[in-house]
Amino acid sequence: MALSVSDLPAIYTLLANSLSSDLNVRKPAEDALAEYESRPGFCSSLMEVITAKDLVLQTDVRLMASVYFKNSISRYWRNRRDSSGISSEEKVHLRQKLLSHLREENYQISLTLAVVISKIARIDYPREWSDLISVLAQQLQSADVLTSHRIFLILFRTLKELSTKRLTSDQRTYSEIASQFFEYSWHLWQTDVQNILHAFSALAQNSSELHYDDVYLTCERWFLCSKIIRELIVSGFPSDAKSMQEVQPVKKVCPVMLNAVQSFLPHYSCFQEKHPKFWDFLKKACTKSVKILIVIQHRHPYSFGDQSVLWPVVDFCLNKITNPEPDVLSFEDFLIQCMSLMKAVLECKEYRPSLTGRVTDDNRVTFQVMKKNVCSAVAGVLAALLPSERVVLLCNILIRRYFVLTTSDVEEWYQNPESFHHEQDAVLWSEKLRPCAEALYIVLFENHSQLLGPVVVSILQEAMNGCPSSVSEISPQLLLKDAAYGAAACVYYELSNYLSFKDWFNGALSIELTNDHPNMRIIHRKVALILGQWVSEIKDDTRRPVYCALIKLLQEEDLCVRLAAARSLYYHIEDANFSEQDFSDLLPICWNSCFKLVEEVQEFDSKVQVLNTISVLIARSTGVIPYANKLVQFFQKAWEESSGESLLQIQLLAALKNFVAALGYQSPICYNMLLPILQSVINVNSPDELLEDSMQLWEATLSHATSMSPQLLGYFPCLVPILEKSFDHLKVAASIIEGYIVLGGLEFLNMHASTLAKVLDLVIGNVNDRGLLSILPLVDVLVQCFPTEVPQLISTVIQKLIVICLSGDDHDPSKTAVKTTSAAILARILVMNTNYLAQLTSEPSFFTHLQQAGFSNEENILLCLVDVWLDKVDNVISTQRKTFGLALSIILTMRLPQVLDKLDQILSVCTSVILGGNEDLAEEESSSIHMQPSELHMPGKEYRRKQIKFSDPINQISLENSLRDNLQTCASLHGDLFNTAMSKMHPAAFAQLKQALNMS
């Protein structure tokens, strides 16, 4: 039943009660509103509450109504199958009502309504709401400041929403809006700038005639207008990098927007104390304007590259970076944007010359030629803007001013070294001034490495000479040395052409570490970072001293230095040239230092960082056994403390996997710690993000186990819910199942037979060919190890394998591989449990299964399999060829006359296997028993897998004797028909048969 005007008092009461702090009042109101939500007229009733003039002062109720209104529009505006939605009549009413209530005084409500209009516009504009933009534009003509602000709020939200639509027709519609609406927005933007600057001049003179609220609303409207202009330019025109069409608004807007910033900046310092509200606006306006320039440059690099735009913008940014006014120097957010814009211009790939060639005598102006011409023009502007002297100046300023630690930096470090390390190390470069300066410096150096290489080395030499290693006072010279070291660390790859790391390390870096004064933590941290960054340049004769230096740094008092050393140590251990021989005697100190560091750090990021170092150290070191007890204690404690921290537990699981692999067949010594952890994470209720690493740890545990422990044996059923949830980790699951088969043997089968059958039945038939190829070899191993027990256990799986063999596309290589592997398993079953396969293929339930799969039961299934074996015999390895041959020889004993029709082919295959397969089989058997001496003493999974392969009963059966005996049986079964069939054999084939069977 639809809601009407008479329901408004009840809805108002419910909205008011939903704001109550009393749960007994609030909860029933919320439940009632939830029931009303799907009823026709609910949105209209909410709109009446929002717009009611007598409720203007009831802001909280109106705001709650706007929230329910927004949520209802999101759920029901678009027609859905499970609800009737909002009727067309009500939609028309709501659209009209929204456009008639533009002058909403409460900002939060106006913002919510703007979001509602944008969501409706995304669905209805332009088909159902074609006059939206035109009505808003018309209202602007006669609107006061407040109304125009609200309209621009709606326009911005709507344009932003529409810009995300990607269909060609939607983008065409957006381009039309941009072409129609841009000029008006731009004109209003310019008018507002002039009014704002006039008002700011009056504010500076303390004029009493100003209406502060109107001025601030004008500022906010200008800000919205700026964002609208950005949306129109960025989304209303195709990127000129793709269209090669000049975007005129870029040339019109960018210089004027830059002038506005230049006009705003002088008011920055004087407003800070006297007019904080307008000071906040100035900060926002200046930074946002430069951000808009960055976005426009990214979207339309060629239009931005015009001399009328690029020159003033880049020149302005360079001046502010290199020679800022005192008040601008403290305006860090603004300087960050100036540096970001410079970085964007310097690394813009569209400004770099294209490497493509041009066809000789081709006079057409191609797209590439146009790009090349524009690139050349932009390169000329940049070359004029950035002569060598200015590049060198910028490099010097970045290092000497922006790289240098401030007093507040040093105080922050001393108060919380751990937080300081992560803030410097992991912060986004665009959020802090120093990381932003470093990012700009790196791009600048890459573009001008030949020019700046000697400059950076000169600054480095000057800093080291000005502050010898014996100086401990925190002076400008010491801070400059820290900055110079940082500059050298950032560009190690290019700088290595101008600076010998060996000479630098021996002549300065190693000497720095001899000064243990607490203030030297500043230099020591930077030395640690350098040793990590320059890892690729460290040669054999320097590697050992560098390792010793990092271990020394790892033992210092300051956590910031130790964390930097731990990270650099990680880089060295992970490096392909890591020398375990040079590092082996440092292992005891390294382990102890890492364990101590993990205990002392408090932050999550710190624990993960040190854990990564421990993990890679375990993986790359062969001498883990002597430290196994300490590592067990470490992992036990670390896991207990990681509760609820999934990301930390992921790192711990990866480290545990490395630990188990490093222990090898001695891994059972850590089971008291390992198995409870493993049990807790392979539980189906453990977090999904841990599953991949949990499975890999489970696999590693089985791979390095010498026997199947009772606890491990009991974990197998956990695999079922994991695979029921997803097959994402099927390959690892297959390896886990194999581990249980080869290690657990008959004990495993007796305990988990039904679970194993369930797992195989779950996978086979429900995964793709790649998944089948990972699981089918396990079925083969199972049949080989337990030929009597397994076939009956997995009868449904065997039926699926028969269906696979009788279907499939032989033109698809993966399907051919699946079909061949399935055929080999069925052949093995026939050889090792002949009666079972014959019995299975004659059961009525099996024929029912075949009919469901789309096969008729007119032909004998075993004869159909014969065709597959004959067809695929050349696609398999030697052992499987022999299995096919044995299966085909057994077929000769069947009381079916159709066997004689295939006799020639069967004998030909068996003959070729006997005569040609012996050498291949001998080679395969030889490779299967080639083991390392350590494997013979430690019968783990790999040893037992090879043992199973070597002891395969197929290898013990003589195909020659089997064929001879079964031919005699076939002759006795079919008499003269057999003789007739044999007489049809080609003489050469018959001669080969006699040779294979040693018949005279």
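In this predicted model, the side chains of Arg562 and Glu600 come together in a salt bridge, with 2.8 Å from N to O. Arg562 sits in helix α30 (residues 559-574) and Glu600 in helix α32 (residues 587-600), so this pair ties together parts of the chain that are 38 residues apart in sequence. The two partners don't share the same surroundings: Arg562 counts as buried, at 4% relative accessibility, while Glu600 is partly exposed, with a relative accessible area of 32%.

Helix α30 itself is worth a closer look. Of its 16 residues, 13 are buried, so the helix is largely enclosed by the rest of the structure. From first C-alpha to last, α30 reaches 22 Å, close to the 22 Å expected at 1.5 Å a residue. At the start of α30, Asp558 joins in too: one of its side-chain oxygens reaches to within 3.0 Å of the backbone nitrogen of Cys560.

The Arg562 pair has plenty of company, as a search of the whole structure turns up 41 salt bridges. Among them is the one between Glu104 and Arg62, whose closest N and O atoms are 2.4 Å apart. Glu104 belongs to the loop between α5 (88-100) and α6 (107-124), and Arg62 to helix α4 (residues 59-76), so here the link ties together parts that are 42 residues apart in sequence. As for accessibility, Glu104 and Arg62 are both buried.

The loop between α5 and α6 also supplies Arg103, which pairs with Asp144 from the loop between α7 (132-141) and α8 (145-162); the pair therefore ties together parts that are 41 residues apart in sequence. In this salt bridge between Asp144 and Arg103, the closest N and O atoms are 2.8 Å apart. Asp144 is partly exposed, with a relative accessible area of 32%, and Arg103 is partly exposed as well, at 42%. Nor is this pair on its own, since Arg103 and Asp144 are linked with Glu105 in a network of salt bridges.

Put side by side, the pairs differ in their settings. Glu104 and Arg62 are both buried, whereas Asp144 and Arg103 are partly exposed. The Arg562 and Glu600 pair mixes the two, with a buried Arg562 and a partly exposed Glu600.

Terms used: Residues are numbered from 1 along each chain as its sequence is written. This is a predicted model: local features need pLDDT of at least 70, side-chain atom pairs count only at pLDDT 80 or more; totals for chains, interfaces and linings use all residues. Side-chain values use heavy atoms; hydrogens and water are left out. A salt bridge is a side-chain nitrogen of Lys or Arg within 4 Å of a carboxyl oxygen of Asp or Glu. Helices (H or I, at least four residues) and strands (E, at least two) are DSSP runs, numbered from the N terminus. Buried means under 20% relative accessible area, exposed over 50%, partly exposed in between (1.4 Å probe, protein chains only). The expected span of a helix is 1.5 Å times one less than its number of residues. A polar contact is a pair of N or O atoms within 3.5 Å; within protein, one must be able to donate a hydrogen and the other to accept it, and residues adjacent in sequence count only if both atoms are side-chain atoms.
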